[in-house]
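The following note sets out some points on strand pairing and helix packing for the attention of the structural biologist.

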Amino acid sequence: MLVLGIESSCDETAAAIADEHGHVVASVIASQLKLHAEYGGVVPELASRQHLQDLPVVAGQAMEQAQMSWDQLDGIAATHGPGLMGSLLVGLCWAKAAAFARGLPFKGVNHLEGHLKAVELNSPAAERPFIGLVASGGHTNLYWVGPGKLPQYRLMAQTRDDAVGEAFDKVAKLLGLPYPGGPSIEKAARQSTVGNQGIKFTPPRLKDGSMGFSYSGIKTAVRLVVEGAKKSGQTLDASAVAAAFQKTVIDDLVSRTLLAVRETNALAIALSGGVAANGPLRDALTQAAQREGLACLIPPREWCTDNAAMIAAVGAQRLAAGERDGWDLPAVPYLEL
Ligand code: KG4
Ligand code: ZN
């Protein structure tokens with residue numbers, strides 16, 4: 001079953017064609033990075049307007065790349081949450097209208113399920129149950145992904161405050177590094193000639209000792225280091241701070257993922273979402289999984305950040321299982337998985 005998937009939940013306009021086994025036939029992404037860079041973050045109204053312009057172009061390019069005509073499609077899917085309301089509405093309404101006009105079945109897809117599915121794109125199906133960490137600009141969610149024809153999801157931990165990608169973005173801003181913060185921090189940390197120069201941040205701990213994540217404390221700690229240097233007239237070594245921040249966050253993500261693995265006897269670990277593009281995080285989790293004797297599934301970088309291949313694949317899997325959504329399916333900004 002070949003399905004056209006549409007993704008527009010944040011600042012990427014994407015279209016892709018994939019089947020229910022995760023085989024990707026075409027994938028096109030138009031990024032709005034440059035549009036939002038001067039504001040240091042995504043401006044929702046600008047994002048919606050740009051989606052409206054780019055979506056028909058991107059969808060046409062995906063059809064061209066696949067060398068397919070509309071009558072060869074078996075269905076259409078689109079992200080219906082979570083995400084920015086205006087951005088979601090553009091992709092969702094466009095996809096519903098296209099499906100209605102072509103007489104094709106339609107399926108709304110949860111963006112978070114898409115991120116977890118990304119580990120199976122053009123790859124063998126993941127062995128379940130596995131522990132999946134979705135680490136992005138909006139989420140730090142740890143899932144148990146269980147067996148069954150369609151996967152079952154149990155949310156084991158989430159962030160109490162800032163998402164991990166959000167922390168990368170805010171810390172980069174504090175250090176005067178360009179937007180988006182994740183790649184800037186990674187680059188600065190790599191360039192640090194002195195490692196973390198003895199700077200140590202306290203690993204995040206929740207007062208109730210629960211599994212959840214918390215990154216607002218470390219963000220404040222970085223702010224205090226920056227302000228301290230300013231007050232004492234010292235030049236701040238931003239790359240050393242970036243290296244220390246990145247190391248603390250990676251250690252925290254890896255150790256909490258391992259806790260979840262041990263609690264559930266999972267067979268594999270999966271990592272996805274924009275922050276999964278981070279090289280040192282990919283390496284650290286891969287090594288941790290190896291030590292546990294588990295498979296570690298991490299998609300190539302293009303499928304870690306937002307894309308439509310993951311949405312098309314989930315849509316195809318759910319449509320193939322007989323699921324359908326009506327034309328009244330709403331966009332849900334805080335949709336949960
Ligand atoms: O999944 P995504 O593209 O969009 C959301 O659904 O949020 O994730 C974007 C987030 C941003 O916060 C960005 O700074 C972060 O992923 N990111 C990274 C890296 N590349 C992107 N964080 C750390 N290291 C990276 N290399
Ligand atoms: Zn995402």
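1. Strands S7 (residues 140-146) and S8 (residues 152-157) are antiparallel partners joined by 5 bridges; pairing requires that DSSP finds at least two bridges between two strands. Helices (H or I, at least four residues) and strands (E, at least two) are DSSP runs, numbered from the N terminus. Glycine 146 has glutamine 152 in S8 as its bridge partner. The two strands make a hairpin with 5 residues between them, and glycine 148 in the turn shows a positive phi of about 125°.

2. The model is predicted: local features need pLDDT of at least 70, side-chain atom pairs count only at pLDDT 80 or more, and totals for chains, interfaces and linings use all residues. Residues are numbered from 1 along each chain as its sequence is written, chains are lettered from A and ligands numbered from 1 in the order in which they are written, and side-chain values use heavy atoms, with hydrogens and water left out.

3. An open sheet of 5 strands, with mixed pairing, follows the order S3-S2-S1-S4-S5. Strands S3 (24-31) and S5 (106-110) each have a single partner strand, so one side of each lacks a neighbour in the sheet. On average, neighbouring strands are turned by 20° against each other, direction ignored.

4. Strand S4 (residues 75-81) runs parallel to S5, with 5 bridges joining them. Isoleucine 76 stands opposite phenylalanine 106 in S5.

5. Helix H3 (residues 85-102) packs on the sheet and touches S1 (3-7), S4 and S5, contact meaning heavy atoms within 4.5 Å. The direction of H3 makes about 160° with that of S4; axes are lines fitted to C-alpha atoms, for helices over the stretch in contact, and angles run from 0 to 180 degrees between N-to-C directions. Helix H10 (residues 309-320) lies across S1, S2 (12-18), S3, S4 and S5, at about 130° to S1.
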